[in-house]
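Biologist: Please take a close look at one helix of this model and at the aromatic rings around it, and set out your reasoning step by step.

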Amino acid sequence: MKVIVFGATGKTGQHVCRLALDRGHEVTAFTRSAGRLSLSETRLMVAQGDVMDSDSVAAAIAGHDAAIVALGSNGLRDKTTLTVGTGAIIESMERHNVGRLIVLSAAGVRSSWNQISLTARLAFRTFLRNIYADHEAQEAKVAGCSLDWTIVRAAILKDNPGSGHYQASNTGKVTQISREDLADFLVKQVEDDTYRKQAVSVTW
């Protein structure tokens, strides 16, 4: 499949690009800064642009089969990047008939609040409140769209090597997960419809 990755230069996004290529997909990395990509894979296409610019998003997304959104916030004061960027992606996908959408969110958002620890809840209510609100609005936008979507709510992210052992659940407690394991789950959703039109948390 032809897969475009948004947030491709982030720590998780780079794992997503590599693992998607390993699974045989044709991958486009959408980024503002192509020089930040550490992958030298010749099969990786690069589309340079700003996710907040709907025209550049639309131009890049045409012709793909699926999109993986692994956007990150631009600091603790940022209230809009996730929502506005994801909104531009959704609009472009609907316009160009790109059906499959996988969006990275955070465990604790919306219905997963009871899955996280008291410490994580305190963080979301205080210094991470803007990021939390942006994720909530982002998820609402995804859930309201016409696409074949899946929201993946990540546990606390670690830079450990992937273990290949993790679980997806909407009931169990969520603690932590490596970025590589998270990326593995995100990429697998491109072809797996188990969580179609659903949000699910992933954790070790």
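Modeller: A residue counts as buried when its relative accessible area is under 20%, and as exposed when that value is over 50%. This is a predicted model, and by that cut-off phenylalanine 185, at 6% relative accessibility, counts as buried. Phenylalanine 185 and tyrosine 195 form a tilted aromatic pair, with 6.1 Å from centre to centre and 50° between the planes. That pair links distant parts of the chain, since phenylalanine 185 lies in helix 6 whereas tyrosine 195 lies in the loop between helix 6 and strand 10 (198–203), 10 residues apart. Tyrosine 195 is buried, as is phenylalanine 185.

The helix that carries phenylalanine 185 can be described in similar terms: eight of the 10 residues of helix 6 (residues 179–188) are buried, so helix 6 is largely enclosed by the rest of the structure. The buried residues of helix 6 are Arg179, Asp181, Leu182, Ala183, Asp184, Phe185, Leu186 and Val187, a list that includes charged side chains, Arg179 and the two Asp residues, beside nonpolar ones such as Leu182 and Val187.

Turning to ring pairs in general, the count for the model comes to five aromatic pairs. In one of them, tyrosine 166 and phenylalanine 185 meet edge-to-face, at 6.0 Å centre to centre and with 90° between the planes. This pair too links distant parts of the chain, with tyrosine 166 in the loop between strand 7 and strand 8 (167–169) and phenylalanine 185 in helix 6, 19 residues apart. Ring pairs also link Trp113, Phe124 and Tyr132 into a cluster.

Key
Residues numbered from 1 in each chain as written. Predicted model: local features only at pLDDT ≥ 70, side-chain atom pairs only at ≥ 80, totals over all residues. Heavy atoms only, no water. Buried < 20%, exposed > 50% of the residue type's maximum accessible area, 1.4 Å probe, protein only. Helix = DSSP H or I, 4+ residues; strand = E, 2+ residues; numbered from the N terminus. Phe/Tyr/Trp six-rings, centres within 6.5 Å; stacked < 30°, edge-to-face > 60°.
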